[in-house]
Structure formats: C-alpha cells, structure tokens
Amino acid sequence: MRIRIVDAFTDRPFTGNPAGVVLLDAFPDDTWLQNVAREVNHPETAFAHRLPEDGEADWALRWFTPETEVAMCGHATLATAHVLSTTGAHTGPVRFATLSGVLVATAHEDGSLTLDFPTAPLTPAELPDGVAEALSAQPLTALDTGPNIGDLLLELADEKTVLGLAPDLRALGRYSERGVIATARAEDPSQGYDFVSRCFFPNVGIDEDHVTGSAHTALAPFWSDRLGRRALTGLQASRRSGLVRTEVHGDRTLLTGHAVTVIEGELLA
C-alpha cells in the first residue's frame, strides 16, 4: 500500500495541516486503522476505498486522529481529494461516503480544491463558568456548533487576543465534545483574510490543530452574518498556519484551499 503525507490548506510544504492518506481496496478492522493513524501521528489520517459504480458516492472515506475516529474532517478530505486528482485515481468531482453523509470535493485547474460540506447549525450558548480562565481570555460570544462539529465557538475581542492565547488545554476539554474554536475579526483585511481563528481539540488528542476545515463550517456562517458577505477568507493562526476560502450557501458551506504532497512511501505493516 502507498501512504502519502499531504499538507492541506496551503500551497507550500511544511505549512498548513498535514494528513496521512491511505488508499485501500476495502477497510481493514478498526484496530489496524487506528494503529496506522497513531503511527503516522498527524492530526488526521484518512483511509479511502473505491465504491461500486452507480452508487450515491464514488469513494468511502474515514478519518482517524492518533486517538480516535472522528465524524468530520475537512483538511484530510482535501488531502484525499488532492491525492485522487494528482495520481489520476479519480477525475472530476469526487463524492465521499462518510459518517457525515456524502461530501463532494472538486479539483480546479489552478490546483485548488473545493469541499462541499454541511453548514454547522450555530446555537447561542451560555458562557460556561471557568471557560475564560481556561482559555486565558474573556469571550464576547459563545455558540454551540452542533453534533457534526462538537465544538464551542468563542468570539474574542480582537485578533491580537486570539494570537496571544495560552490556554489550559486540560481544562478546555470540559466544555465541549471535541474542543474550542477561538475567533476574532481580522485587524487588517488588506492582509488577505477577513477573520482569524485558533482551534484546541484536547478531547481527540489534538492540543492545537493547524488548519481545521470542519471548524470553518461554523466560522463561515458566523462571520458571513457579522460581515454581511457570503464569500470570506479565514486565517487559522497556528504555528504552521493556513488559509481557508469560505462561501456560505444556506445549509451548505464551500471550503477552498490548496494542498501539496510532501512524502510518499510504502506502508509495510
């Protein structure tokens, strides 16, 4: 089996969010999948296999962190679509059968890819006691992002506050199923992005995710409503960082970015 490491939501190696991608004939048992993801030790490893023709999807797709399987992952879906496109394993839009339903990815001539994901249903939430101390900043707004995402979305005062966060990760894990998304409006939109975010997911073994596609299905409608525009660009300001172009269409959100393969090898186990 071939295994590839792909940096997603970037056009430069060693930035964006890395994902392992393994194309299979069928899914082995879950223990093997989890062991491979733990060995790869990136935020996500994606496993995919081709489905019979004339079905509702072209490929089956699953995602594993080093600790657990997850219901939705944007950057590993982008990475998988990139591998299928660049290797010729699939041409045209690809439909993935996933735990979150059928997700579609489309490759463009400029090398970018667009994911068609469900928009996260945002519900105002009471600010939990202790979350400000755990985050190391006082949130302005708190929202629940629904079952597919499982995060608490927290709006902060400004970009500088988001960049300066030094959270207590163990404490943050108490406040939502997966973790916390911290966000603020961009200080200077002329820099090429409209909002900034950081994502902390201690409950799935990811202290801080580098660039989180799934989180942008919540960030996109939140900021589109605030800024009055359907199409926006988000900067996830992690150590590796990356840009996600978003476009909200009601109950669907389009996520666009580039990806680059940095490692290709043979999986022997």
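**Entry 1. Helix α6**

I take buried to mean under 20% relative accessible area. The model I am reading is a predicted one, and I began with helix α6, residues 216–227. I listed the buried residues of α6 as His 216, Thr 217, Ala 218, Leu 219, Ala 220, Pro 221, Phe 222, Trp 223 and Ser 224. That makes nine of the 12 residues in the helix, so α6 is largely enclosed by the rest of the structure. I then looked just past the end of α6, where Gly 228 has a positive phi of about 75 degrees.

**Entry 2. Nonpolar cores**

I looked up the largest nonpolar core and found 46 residues in it. Trp 63, Leu 78, Val 94, Phe 96 and Leu 219 have the most contacts inside this core. I asked which helix gives the most to it. The answer is α2, residues 74–87, with six residues. I also noted a second core of 22 residues, separate from the one above, with Leu 165, Ala 182, Ala 186 and Tyr 193 among its members. As background, nonpolar side chains in soluble globular proteins tend to be buried together.

I picked Val 94 for a closer look. Leaving out residues up to four places away in sequence, I found Val 94 touching Asp 58, Trp 59, Ala 81, Leu 84, Leu 103, Val 104 and Ala 105.

**Entry 3. Cysteines**

How many disulfides does a search of the whole structure find? I got zero. Why is there no bond at Cys 73? The closest cysteine sulfur to that of Cys 73 is in Cys 199, and at 11 Å it is too far for a bond. I ran the check from the other end as well: for Cys 199 the closest cysteine sulfur is that of Cys 73, again 11 Å away and too far. The cut-off for a disulfide is 2.5 Å between the sulfur atoms. I recorded Cys 73 as buried, with a relative accessible area of 4%. Cys 199 is buried too, at 0%.

**Entry 4. The cavity**

I counted cavities of 30 Å³ or more and came to one. The volume of the largest cavity is about 60 Å³. I found 13 residues lining it, and those nearest its centre are Glu 44, Cys 73, Arg 178, Asp 209 and Thr 212. Cys 73 therefore appears here as a lining residue and in the previous entry as a buried one. Helix α2 and strand β14, residues 206–209, each supply at least two residues of this lining. I sorted the lining of the cavity by class and got six nonpolar, four polar and three charged residues.

**Entry 5. The largest pocket**

I then turned to the largest pocket, which holds about 240 Å³ of space. Its lining has 17 residues, and I noted Phe 9, Thr 10, Asp 11, Gly 242 and Leu 243 as those nearest the centre. The elements giving two or more residues to this lining are β15, β16 and β17, the last being residues 252–257. Which element gives the most to the lining of the pocket? It is β16, with four residues. By class I found four nonpolar, nine polar and four charged residues in the lining of the pocket.

**Entry 6. Ser 238**

I went to the loop between β15 (231–236) and β16 (242–249), where Ser 238 lies. Is Ser 238 buried or exposed? I read a relative accessible area of 12%, so Ser 238 counts as buried. Setting aside neighbours within four places in sequence, I found Ser 238 in contact with Glu 208, Asp 209 and His 210. One of these, Asp 209, is also among the residues nearest the centre of the largest cavity.

**Entry 7. Gln 138 and Leu 154**

Last, I compared two residues. Gln 138 sits in the loop between α3 (131–135) and β10 (141–144), and Leu 154 is in strand β11, residues 151–155. Gln 138 counts as exposed because its relative accessibility is 52%, whereas Leu 154 is buried at 0%. The two are 16 residues apart in sequence, and I read 9.2 Å between their C-alpha atoms. From Gln 138 to Thr 183, 45 residues apart along the chain, the C-alpha separation is 12 Å.

For contacts, I left aside neighbours within four places in sequence. Gln 138 is in contact with Leu 127, Ala 132 and Leu 156. Leu 154 is in contact with a list that includes Leu 127, Val 131, Leu 135, Pro 139, Val 180, Ile 181, Ala 182 and Thr 183. Ala 182 had come up before, as a member of the second core.

Definitions and conventions. Residues numbered from 1 in each chain as written. Predicted model: local features only at pLDDT ≥ 70, side-chain atom pairs only at ≥ 80, totals over all residues. Heavy atoms only, no water. Buried < 20%, exposed > 50% of the residue type's maximum accessible area, 1.4 Å probe, protein only. Contact = heavy atoms within 4.5 Å. Core = buried A, V, L, I, M, F, W, Y, C linked by side-chain atoms within 4.5 Å. 1 Å grid on protein atoms, 1.4 Å probe; cavity = no way out; pocket = protein on both sides within 12 Å on 5 of 7 lines; lining within 4 Å. Points joined across faces, edges and corners; volume = space filled by probe spheres on them. Nonpolar A, V, L, I, M, F, W, Y, C, P; charged D, E, K, R; others polar.
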